[in-house]
Amino acid sequence: MALPANGKDPPAKGVDGAPEPALEVVGLRAYYVMAYYGIEREVRAVDNITLTVNKDEIYGLAGESSCGKTTFIKTIAGAIRPPLRVLGGTIKYSFLDRNLYDLDEATLSDMRWSHLSCVLQGSMNVLNPVRRIRKSFIDFAYPHMGLSRQDFFEAVDRHLERLRLSPDVLSAFPHELSGGMRQRVTIALATVCHPEFIIADEPTTALDVVVQRDVLAMILEAQQQFRSSMIFVTHDLTVHANISNRLGIMYAGRLVEEGPTTEVFHEPLHPYTQHLIASLPRIGDLSRKVALPGSPPSLADPPSGCRFHPRCPLAMDVCRQAHPALTTVAPGRRVACYAVDPNAKPESDLSLGEIAAEARTAERVVP
Ligand SMILES: Nc1ncnc2c1ncn2[C@@H]1O[C@H](COP(=O)(O)OP(=O)(O)OP(=O)(O)O)[C@@H](O)[C@H]1O
Ligand code: SF4
Ligand SMILES: [Mg+2]
């Protein structure tokens, strides 16, 4: 699917030419912790993730089902509900002077919509089915805009027009709109306060390709008009090829590769990324695709060492002992693999005792 080429314009640079961070995540661990008959069991959905999203950029996050993408998104959005627990790490947005989890509840809710907005798969459910769309704009956006009622609706009309939506949609009930149109209204709602940061989790996955293209074009338009930074999650690599400036690949709760999207596509470094890219269908390519053996591990009982080792054609002894740290191997390229960087630092998995100790100090459950 081809989108406007400007979707991949490089992000803006700071005064010294270096990209300015919009979101910095360091050492983030978020597990689902459940107890059965007094025995604790944890699903290690987000395990020691460190990444930076720069201002004005779209950072794509990919990986197969159940690798922890949505859990990561919930965690950086501050939407933590049991059994999910944040066990360690920090999350800093450029518009905050503190770690997200050091904010009180009132500051967190002030920040949502006005500074940080989410567009999620099925997020059209945010629209109240028995009330007109106008009411959803009043409920969610009006309290954050500090405008009189009349100025607010003038601003909403202008916003819809800029995103090529007719203001008539405000009078519709959600069921009167198609799925694609509801998703476009949701994007308009999520961006009406011109948030600095947008989180999008599989916003196009349930849509057919033509509608998907329109929705992606609209997301790009909103991101560019309001110079927002964005993290965009989808397992569909072809969507990332069209929309993301940089791409992070997750496997079994860990970030295993990161780089500019075009470089990751042209020269994938991690064996898992190489497999994902080689699996993409190409017109005229009749070569036989070779499936990876096995399936992704259970995050309740992940394999020791590199979590990819049971499926990796290059696995060595060291790979079974300790997970390789994500290392910078070229400008802008990070990868966690001993075959790519034999000097990669081994990371030790935290013991249950250490996790419990961290949980007591770092746990923050947002109601
Ligand atoms: N509420 C929950 N309680 C316990 N485990 C959960 C819960 N939600 C998700 N998980 C587990 O956490 C792991 C990561 O799930 P997550 O939804 O983050 O993956 P994902 O990459 O977003 O997958 P998908 O591409 O299918 O959306 C999975 O093993 C999943 O079963
Ligand atoms: S660290 Fe070892 S097992 Fe993991 S991807 Fe690299 S070569 Fe394969
Ligand atoms: Mg998901």
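Begin in this predicted model with the largest nonpolar core, which holds 85 residues, and select I76, I199, A200, I219, I231, Y251 and V256, the members that touch the most others. Centre the view next on I199, which touches I73, I76, A77, C118 and I231 when residues up to four places away in sequence are left out of the count.

From there, select helix 1, residues 69-76, which together with strand 2, residues 39-54, supplies at least two residues per element to the shell around ligand 1. Helix 1 is the element that gives the most to this shell, contributing three residues. Now display the shell itself, where 14 residues surround ligand 1, and where Y32, S65, K69, T70 and T71 come nearest; colouring by class shows six nonpolar, seven polar and one charged residues.

Keep strand 2 selected and add its neighbours, so to speak, in the sheet: three strands form an open sheet in the order 2-1-4, with antiparallel pairing. At the edges lie strand 2 and strand 4, the latter spanning residues 84-93, and each of these pairs on one side only. From one strand to the next, the twist averages 5 degrees. Zoom in on strand 1, residues 21-36, which is joined to the antiparallel strand 2 by 12 bridges, and pick out A30, which stands opposite V46 in strand 2.

Finally, move to ligand 2, which also has 14 residues around it, and select C306, C312, C319, C337 and A339, which come nearest. Coloured by class, the shell around ligand 2 shows 12 nonpolar and two polar residues, with no charged residues.

How values were computed:
Residues are numbered from 1 along each chain as its sequence is written. Chains are lettered from A and ligands numbered from 1 in the order in which they are written. This is a predicted model: local features need pLDDT of at least 70, side-chain atom pairs count only at pLDDT 80 or more; totals for chains, interfaces and linings use all residues. A residue is near a molecule or strand if its C-beta atom, placed from the backbone, lies within 6 Å of it. Helices (H or I, at least four residues) and strands (E, at least two) are DSSP runs, numbered from the N terminus. Ala, Val, Leu, Ile, Met, Phe, Trp, Tyr, Cys and Pro count as nonpolar, Asp, Glu, Lys and Arg as charged, and the others, Gly among them, as polar. A nonpolar core is a set of buried Ala, Val, Leu, Ile, Met, Phe, Trp, Tyr and Cys residues joined through C-beta atoms within 7 Å. A residue is buried if 20 or more other C-beta atoms lie within 10 Å of its own, exposed if 12 or fewer, and partly exposed in between; C-beta atoms are placed from the backbone. Two residues are in contact if their C-beta atoms, placed from the backbone, lie within 7 Å. Two strands pair if DSSP finds at least two bridges between them. Axes are lines fitted to C-alpha atoms, for helices over the stretch in contact, and angles run from 0 to 180 degrees between N-to-C directions.
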